[in-house]
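This report describes a protein chain and its ligand, beginning with the surroundings of the ligand and then turning to the fold and to some details of the backbone.

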Amino acid sequence: VSLVTHRFDEMPPAAAYALLTQVIQPRPIAFVSTLSLSGVQNLAPFSFFMAGGSNPPSICFSPVLSGGGLEKDTLRNIRDTGEFVVNTVDRTMAEGMNATSVALGPHESEWHLSGFTPEPSELVRPPRVAESLAQMECRLFEIVSHGEGHTAARYVIGEVLRLHVRPEGFGTIARMGGPDYIDSATGEHFSIARP
Ligand SMILES: Cc1cc2nc3c(=O)[nH]c(=O)nc-3n(C[C@H](O)[C@H](O)[C@H](O)COP(=O)(O)O)c2cc1C
């Protein structure tokens, strides 16, 4: 089998982004709830997401810098408040999750676009997504910055303080390349265009 070798040293970030997201898949989705300092509730999905260890329970996701090298609301809120909730997404939530991925200003909430229900957390101020089959209340451990400008990584490392999970079975959808997803519960492949 002959492989094509890509060099990243002379590649625009958008091309590198497309390559990485085509080969690192399926990616589970962290549906992240945060609060701004002024109390605006923010909700957004992130598929650059992983568990990293369990002593203590540790997770990581990356809200990359957006166009103009600006921080996304989720990153700013977590730096400002030190708290967030990672909610899982199953097939019934796919469209509502996708609707929250629009770029709204920091003073606008995505919750009403999703149709989902905020439910108070036990230890942190951002609410959980009641419809999610699993919800993790997290405290910020560290933000690691790698690179500058559009699509540069900002690794948010968090400690999971509480896990709320439905006992009666569990499934999540995961991101493939572009608009494509797979449902881990059924194996269904489906696509949803970004809003
Ligand atoms: C399924 C899915 C996965 C996404 N994964 C990421 C990601 O890993 N990192 C990222 O920066 N943006 C990701 N996005 C885009 C963000 O959700 C989008 O930029 C959102 O507006 C950020 O919201 P915020 O500015 O309120 O934090 C993803 C979008 C979708 C639909």
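In this predicted model, 21 residues stand around the ligand, and those that come nearest are P45, F48, V64, K72 and T74. By class, this shell is made up of 10 nonpolar, 6 polar and 5 charged residues. Three elements of secondary structure, namely β3 (41-46), α2 (73-81) and α3 (94-99), each supply at least two residues of the shell, and among the contributors β3 gives the most, with 4 residues. As for its location, the ligand sits in the largest pocket.

Polar atoms of the ligand can be paired with atoms of the protein, and the following table sets out three such pairs, one with a side chain and the others with the backbone.

| Residue | Protein atom | Ligand atom | Distance |
|---|---|---|---|
| N42 | side-chain N or O | oxygen | 2.8 Å |
| S47 | backbone N or O | nitrogen | 2.8 Å |
| V64 | polar backbone atom | oxygen | 2.8 Å |

Taken alone, the ligand exposes 640 Å², and the protein buries 94% of that area. V64 thus appears twice in this account, as one of the residues that come nearest to the ligand and as the owner of a polar backbone atom 2.8 Å from a ligand oxygen.

Turning to the fold, the secondary structure of the protein chain comes to 4 helices and 13 strands. The radius of gyration of the chain is 17 Å, close to the 16 Å that the globule rule gives for 195 residues, so the chain is as compact as a globular protein of that length. Taken along the principal axes, the box filled by its C-alpha atoms is roughly 50 × 40 × 35 Å.

Some details of the backbone deserve separate mention. Most peptide bonds are trans, and most residues other than glycine have a negative phi. Against that background, which peptide bond has an omega near 0°? The bond from Q25 to P26 is cis, with omega near 0°, and P26 is placed in the loop between α1 (13-23) and β1 (27-28). A cis peptide bond also joins N55 and P56, where omega is about 5°; P56 has its place in the loop between β4 (49-54) and β5 (57-61). T151, although it is not a glycine, has a positive phi of about 75°, and this residue lies in the loop that runs between β9 (134-146) and β10 (153-165).

Definitions and conventions:
Residues numbered from 1 in each chain as written. Predicted model: local features only at pLDDT ≥ 70, side-chain atom pairs only at ≥ 80, totals over all residues. Heavy atoms only, no water. Near = heavy atom within 4 Å. Polar contact = N/O pair within 3.5 Å; in protein donor to acceptor, adjacent residues only side chain to side chain. Areas by Shrake-Rupley, 256 points an atom, 1.4 Å probe, with all protein chains shown as cover. 1 Å grid on protein atoms, 1.4 Å probe; cavity = no way out; pocket = protein on both sides within 12 Å on 5 of 7 lines; lining within 4 Å. Sits in = over half its atoms within 2 Å of the grid points. Nonpolar A, V, L, I, M, F, W, Y, C, P; charged D, E, K, R; others polar. Rg over C-alpha atoms; globule rule 2.2 N^0.38 Å.
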